[in-house]
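Biologist: I would like a close look at the aromatic rings in this model, and at how the nonpolar parts around the chain are put together. Please take me through it slowly, in one connected account.

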Amino acid sequence: MTDQHSTEDTGTVGYLVEMGALKRSKRAGWWIAGIKDPETIAEHSWRAAVIGAVLAMMEGADPARVALLATFHDTQETRIGDIPWIGRRYITAASNETVTADQVADAHPAVADGIKAIVHEYENSDSLEVLVAHDADKLDCMLQGLEYLQQGYSAAQEWVDSTRAKLKTASALQLAEAAQGMSIVEWQRTYLR
């Protein structure tokens, strides 16, 4: 093994280890709503990827592509944190593309190019897959808000309303409507029968 390959392998593993921080990093916006132990960024990204695949199936988009876009959409938060909307009024953060380029700077070139391309697409494209991935991000936030509401956090209603208002695809709007009429107990009934 050459030193170059060793450096690329180490850089790639470094990126993977850094992504592990998302499993411990809480989503800061929920603290504003009074949630004492909010979901992590990784938990949000995982369900957003699943939601994205489902929405893609409903919208006729590529489910694998949408899930991939959703998986990487918040990976920059290992470096800049999860800045809630109110905080964005007061600070200027580097673009997600700039953060991603720094994160993968020492990774294998194919990995670096691939991840940078995914983030660039999510941030800049107007393809159906990107539209669906953005809706998946918002729909997960809405669902999480509904779950927090049912746990007694009434301030989560603002997140439910504001994220629902940002949904664009017909499928996301249909699922949002269905979710608002469904309690946590209702989905549990599917396995209690």
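Modeller: What follows begins with the ring pairs and then turns to the nonpolar cores and a surface patch.

The model is a predicted one, and the count of aromatic pairs in it comes to three. One of these pairs is formed by Trp30 and Trp159, whose ring centres are 5.8 Å apart with 35° between the planes. Planes under 30 degrees apart would count as stacked and planes over 60 as edge-to-face, so an angle between these limits makes the pair tilted. Trp30 belongs to helix 2 (residues 29-32), whereas Trp159 belongs to helix 10 (residues 157-164), and the pair therefore ties together parts that are 129 residues apart in sequence. Trp30 itself is buried, its relative accessible area being 1%.

Another pair brings together Tyr148 and Tyr153, and here the centres are 6.1 Å apart while the planes stand at 80°, which means that the pair is edge-to-face. The two tyrosines can also be described by their accessibility: Tyr148, at 4% relative accessibility, counts as buried, whereas Tyr153, at 24%, counts as partly exposed. The cut-off that matters here is 20%, because a residue under that value is called buried. Taken together, Trp30, Tyr148, Tyr153 and Trp159 are linked by ring pairs into a cluster.

Turning to the nonpolar cores, the largest has 29 residues, and within this core Leu55, Leu139 and Met142 touch the most other members. Helix 1 (3-20), helix 3 (41-59), helix 4 (63-72), helix 8 (109-124), helix 9 (128-150) and helix 11 (170-180) each supply at least two residues of this core, and the most come from helix 9, which gives seven. For Leu139, if neighbours within four places in sequence are left aside, the residues in contact are Ile51, Leu55, Leu167, Ala172, Leu175 and Ala176. Separate from this is a second core of six residues, which includes Trp30, Ala33, Ile35 and Ala156; Trp30 is thus a member of this second core as well as of the ring cluster.

The surface offers one further nonpolar feature, a patch of about 440 Å² made by Ile32, Ile86, Tyr90 and Ile91. Within this patch, Ile91 is found in the loop between helix 6 (85-88) and helix 7 (96-103), and with a relative accessible area of 47% Ile91 is partly exposed.

How values were computed. Residues are numbered from 1 along each chain as its sequence is written. This is a predicted model: local features need pLDDT of at least 70, side-chain atom pairs count only at pLDDT 80 or more; totals for chains, interfaces and linings use all residues. Side-chain values use heavy atoms; hydrogens and water are left out. Rings of Phe, Tyr and Trp (its six-membered ring) pair if their centres lie within 6.5 Å; planes under 30 degrees apart count as stacked, over 60 as edge-to-face and the rest as tilted. Helices (H or I, at least four residues) and strands (E, at least two) are DSSP runs, numbered from the N terminus. Buried means under 20% relative accessible area, exposed over 50%, partly exposed in between (1.4 Å probe, protein chains only). A nonpolar core is a set of buried Ala, Val, Leu, Ile, Met, Phe, Trp, Tyr and Cys residues joined through side-chain atoms within 4.5 Å. Contact means heavy atoms within 4.5 Å. Patches are made of residues with over 30% relative accessible area and no salt bridge: like charges are joined within 9 Å, nonpolar side chains (Val, Leu, Ile, Met, Phe, Trp, Tyr) within 5 Å. Accessible areas come from the Shrake-Rupley method with a 1.4 Å probe; for residues, only the protein chains shown count as cover. A salt bridge is a side-chain nitrogen of Lys or Arg within 4 Å of a carboxyl oxygen of Asp or Glu.
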